[in-house]
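Q: Hello! I would like a close look at a single part of this structure, a pair of charged side chains, and then a walk outward from there. Please give the cut-offs as you go.

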Amino acid sequence: MTLLHATAISKRYGGLMALSEVDFRVAPGEFVAVIGPNGAGKSTFLNVLTGLTPPSAGRVLFDGRDVTRAPTHRRIRAGLGRTFQHGRLFARLSVLENVMTGAAIRTDRTESQLRALSLGMLDRMGLVGEAHRAVGSLSYGQRRMVELCRALACGPKLLLLDEPAAGLNLGEVEQLMARLTALRAEQELAVVLIEHNMGMVMRLAQRILVLNFGCRIAEGSPAEVQSDPAVLSAYLGEGYGNAQH
Amino acid sequence: MRRYHSLLAAVAILALGGLLSLVLADYRLRLLNVSVISAIAVIGFNFAFGLAGLISLGHAAFVGLGAYTLAILSTAFGWSPWLAIPVAILVTTLFAGLIGYPLLRLRGHYLALATLGLNVSFTIVVTNWISLTGGTNGISGIPELRLGAFAFNDERRFLWLGLVLLALCAAFAVTLQRSRYGRAMMAVRDDETAARMTGIDVTRVKITALCLSAAFAALSGTLFATHVRFVAPEDFNYAHSIIYLAMLIVGGEGAVAGAVIGAALLTFLPEWLRFLGDAYLAFFGLMLLAILIFLPTGLVGLAAQLRRLGGHREAETTS
């Protein structure tokens, strides 16, 4: 069974192929990492999956429906969630209100249900004490956790995380990993993780997709990818991968 | 808690306005009526500008469309103004929805220019469609509003009606602002992409905000028409749109109280500063600049800052 199925996704910017014929599948509850050097097309790929950037070619199926041309908010309502590389919160809303905006995706929830659900989510992420603060007064790490809470409050089946550990200190990264693991133990939540922190990727991911210059250069379990010559060459330079042969 | 806030806004308006209606003399009452009518328009403008962040400079066109619809229906067609009010609101809201689809593809300064153009076009159309609007002569003889034998035909009586409507509008606006719909509008203003990422249909939220603002503008316009009982093109030219914007900025954008305070202050200020003569405009410009630079959240923001400062002092003395 497939939750997300992207086939032959290409994105061209003028003469630059940001993505070329990338195939990608995610099963329900699966944890997949997408890695690659800077400029490999990882964020563009997430933008295509969430509908922020239309692909030049290819198809995106989500939960059995073709969403290639669907606007972003429809995909989110269908169960896709995402956080951003640099954290994007609603600056004029409090922490709680930010999360409530996510929870309001279900229109049948009353105001008090929204509040209770959002407070519960903040509690699980260790942020309930900050609920009534302005987001501008939070630390960088806290802001990123609030964004994650907001995305989770939408109740996604698949969560796309764009470098969630960037800018976090070691303790915060440990916390983030522990909370993601705990969450996935309780509910069926598939995750696609873009991350440069290889320790995090290797510990969490069941499968890894490696992109370079917009192309898929490898895919497999963490162990397979770690020893793949193409991957080593992309990360460590031309000679290295070839020298392994 | 939320009910309490909207109730508080309504009670404050009725109590303060009611009190003033008993102590003020005729000319001041007239100004107060103008304030109340403007305040309804500015509360509406706050949905578009303050909450959803749509820089619109055409709000007076919606006020004018409401006023002219009532004027035409009640004079040429002999409708009761009570019946013409909801129809005028409906017509204006539909118009805003229709024009919103193409207009709201634009953002920021482009939207400001396009809405300014809308306002200028409105003035040109009502000036030149003489058979319908009377051109520059305007439309006179608009019937007064009356309930049975009680006619709202003097300043004090009209003010009572205006205050009740303003209180209802303020209570509605406060309730909406604190609901998921208000939060969605603010989310769209703060970050459209992140708003989409929480399942918000950004286009729909923007059009709703514009329609709401137009509906309030139309109500304000119908009150203007039944208060002055005469409408002319220059009552709704783009300068009035800029005044609505100034009222909201001075009072405090994003806040219902700010809309009401700003509307009252900018209606009375020219009277208080009459001794300045033509220098008033220079003063007005400088005041607006000073508020934009030093008080970007307006007078309501200043009050909140002072309260916080007072709160800190209290905390210090008690600890």
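A: Happy to help. A:Glu111 is buried, and B:Arg183 is buried too; buried means under 20% relative accessible area, exposed means over 50%, and partly exposed lies in between, with a 1.4 Å probe and protein chains only. This is a predicted model, in which local features need pLDDT of at least 70 and side-chain atom pairs count only at pLDDT 80 or more, while totals for chains, interfaces and linings use all residues. Residues are numbered from 1 along each chain as its sequence is written, chains are lettered from A and ligands numbered from 1 in the order in which they are written, and side-chain values use heavy atoms, with hydrogens and water left out.

Back to the pair. Side chains of opposite charge can pair when their charged atoms come close. A:Glu111 and B:Arg183 form a salt bridge, with 2.8 Å between the closest N and O atoms; the rule asks for a side-chain nitrogen of Lys or Arg within 4 Å of a carboxyl oxygen of Asp or Glu. The pair joins two chains, because A:Glu111 sits in helix α4 (residues 111-124) of chain A and B:Arg183 in helix α8 (residues 180-190) of chain B. Helices here are DSSP runs of H or I with at least four residues, strands are runs of E with at least two, and both are numbered from the N terminus.

Now to the wider meeting of the chains. The salt bridges between chain B and chain A number three. One more pair across the chains is B:Asp190 with A:Arg92, whose side chains meet in a salt bridge at 3.4 Å, N to O. The contact involves 21 residues of chain B and 28 residues of chain A, where contact means heavy atoms within 4.5 Å. The size of an interface is often given as the accessible area lost when the parts come together. For chain B and chain A the buried area is about 2,100 Å², with 56% of it from carbon and sulfur atoms; buried area is the accessible area (1.4 Å probe) that two parts lose on being put together, summed over both. B:Arg183 returns here: together with B:Arg180 and B:Met197 it supplies 36% of the area that chain B buries against chain A, more than any other three residues.

Chain B has further charged pairs. B:Arg189 forms a salt bridge with B:Glu253, the closest N and O atoms lying 2.7 Å apart. This pair links distant parts of the chain, with B:Arg189 in helix α8 of chain B and B:Glu253, 64 residues away, in the loop between α11 (238-251) and α12 (256-272) of chain B. B:Arg189 is partly exposed, at a relative accessible area of 32%, and B:Glu253 is partly exposed at 25%. Another salt bridge joins B:Glu271 and B:Arg274, at 2.5 Å between the closest N and O atoms. Here B:Glu271 is partly exposed, with 22% relative accessibility, whereas B:Arg274 is exposed at 53%.

Next come the domains, whose bounds come from an automatic or database domain assignment. Chain B has domain 1 (2-269) and domain 2 (273-319). Between them, domain 1 and domain 2 of chain B bury about 1,000 Å², 74% of it on carbon and sulfur atoms. B:Ile249, B:Val250 and B:Leu269 supply 52% of what domain 1 of chain B buries against domain 2 of chain B, more than any other three residues. Across this interface of domain 1 and domain 2 of chain B, the rule finds zero salt bridges.

Chain A is divided into domain 1 (4-79 + 156-244) and domain 2 (89-155). The area buried between domain 1 and domain 2 of chain A is about 1,300 Å², with carbon and sulfur atoms giving 66%. A:Pro156, A:Arg179 and A:Leu183 supply 38% of the area that domain 1 of chain A buries against domain 2 of chain A, more than any other three residues. One salt bridge is counted between domain 1 and domain 2 of chain A. Elsewhere on the list of charged groups, A:Glu30, A:Arg207, A:Arg216 and A:Glu219 are linked in a network of salt bridges. Over all chains, the rule counts 21 salt bridges.
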